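This note is written for a colleague who is meeting the structure for the first time. The points below are best read with the model open alongside.

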Amino acid sequence: MNPEATKTARESLDLAFHMSNILDTGLDRHTLSVLIALCDLGLNPEALAAVVKELQRERLFSPATPNISSSST
């Protein structure tokens, strides 16, 4: 990728991340980048949004995973 294209891509991601924060989506920059790349590959954005919402809902309502550590006595 040439430097100008890299700069444009970074600026676009920065703008999308800023909008994501304003909308309080809870998405980090990396996740947002992956979702944008999936859309660029032709995946349906509405379907991706539904998956993200479901995963966030599951994470919110699932019981916390217990911290299992092995200790020898």
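In which helix is Ser20 found? Ser20 belongs to helix H1, which covers residues 3-22. The numbered points set this residue in its context, beginning with the chain as a whole.

1. Overall arrangement. The model is a predicted one. The protein chain contains 3 helices and 0 strands, and its pattern along the sequence reads α-α-α. Of its 73 residues, 12% count as buried.

2. Ser20 in helix H1. Ser20 has a relative accessible area of 5%, so the residue is buried. Its side chain makes a polar contact of 2.4 Å with the side chain of Thr25. When residues up to four places away in sequence are not counted, Ser20 touches Thr25, Leu27 and Leu32.

3. Phe17 in helix H1. Phe17 also lies in helix H1. Its relative accessibility is 17%; because the limit for a buried residue is under 20%, Phe17 counts as buried. Setting aside residues up to four places away in sequence, Phe17 touches Leu27, Asp28, Arg29 and Leu32. Phe17 and His30 are 13 residues apart along the chain, and their C-alpha atoms are separated by 9.5 Å.

4. The loop between H1 and H2. Asp24 is located in this loop. Is Asp24 buried or exposed? With a relative accessibility of 67%, Asp24 counts as exposed. The phi of Asp24 is positive, near 55 degrees, although the residue is not glycine. A negative phi is what most residues other than glycine have.

5. Helix H2 and its ends. Helix H2 runs over residues 29-40. Its 12 residues should span 16 Å at 1.5 Å a residue, and the end C-alpha atoms are indeed 16 Å apart, so the two values agree. At the start of H2, a side-chain oxygen of Asp28 comes to within 3.1 Å of the backbone nitrogen of His30. After H2 comes Gly42, which has a positive phi near 105 degrees.

6. Ile36 in helix H2. Ile36 lies in helix H2 and, with a relative accessibility of 33%, counts as partly exposed. Apart from neighbours within four places in sequence, Ile36 is in contact with Leu13 and Ala16. Ile36 and Ala16 are 20 residues apart in sequence, while the distance between their C-alpha atoms is 9.1 Å.

7. Helix H3. Helix H3 comprises residues 45-61. What span should its 17 residues have at 1.5 Å a residue? The expected value is 24 Å, and the end C-alpha atoms lie 24 Å apart, which agrees. The N-terminal end of H3 is capped by Asn44, with a side-chain oxygen 2.7 Å from the backbone nitrogen of Glu46.

8. The largest pocket. This pocket holds about 260 Å³ of space. Its lining consists of Thr25, Leu27, Leu32, Leu35, Ile36, Cys39, Pro45, Leu48, Ala49, Val52, Lys53 and Gln56. Helices H2 and H3 each supply at least two of the lining residues, and H3 gives the most, with 6 residues. By class, the lining has 9 nonpolar, 2 polar and 1 charged residues. Thr25, the polar contact partner of Ser20, is one of the lining residues, and so is Ile36 from point 6.

9. The second largest pocket. About 190 Å³ of space lies in this pocket. The residues lining it are Gly26, Leu27, Asp28, Thr31, Leu35, Leu38, Leu48, Val51, Val52, Leu55, Gln56 and Arg59. The elements giving two or more residues to this lining are H2 and H3. Which element provides the largest share? That share, 6 residues, comes from H3. The lining divides into 7 nonpolar, 3 polar and 2 charged residues.

10. Links between the points. Leu27 appears in the lining of the largest pocket and in that of the second largest pocket. Leu27 is also touched by Ser20 and by Phe17. Asp28, with its side-chain oxygen at the start of H2, is touched by Phe17 and lines the second largest pocket.

How values were computed
Residues are numbered from 1 along each chain as its sequence is written. This is a predicted model: local features need pLDDT of at least 70, side-chain atom pairs count only at pLDDT 80 or more; totals for chains, interfaces and linings use all residues. Side-chain values use heavy atoms; hydrogens and water are left out. On a 1 Å grid over the protein atoms alone, a cavity is a set of points where a 1.4 Å probe fits but cannot get out, and a pocket is an open set with protein on both sides within 12 Å along at least five of seven lines; lining residues have an atom within 4 Å of a point. Grid points are joined across faces, edges and corners, and a volume is the space filled by probe spheres set on the points. Helices (H or I, at least four residues) and strands (E, at least two) are DSSP runs, numbered from the N terminus. Ala, Val, Leu, Ile, Met, Phe, Trp, Tyr, Cys and Pro count as nonpolar, Asp, Glu, Lys and Arg as charged, and the others, Gly among them, as polar. The expected span of a helix is 1.5 Å times one less than its number of residues. A polar contact is a pair of N or O atoms within 3.5 Å; within protein, one must be able to donate a hydrogen and the other to accept it, and residues adjacent in sequence count only if both atoms are side-chain atoms. Buried means under 20% relative accessible area, exposed over 50%, partly exposed in between (1.4 Å probe, protein chains only). Contact means heavy atoms within 4.5 Å.
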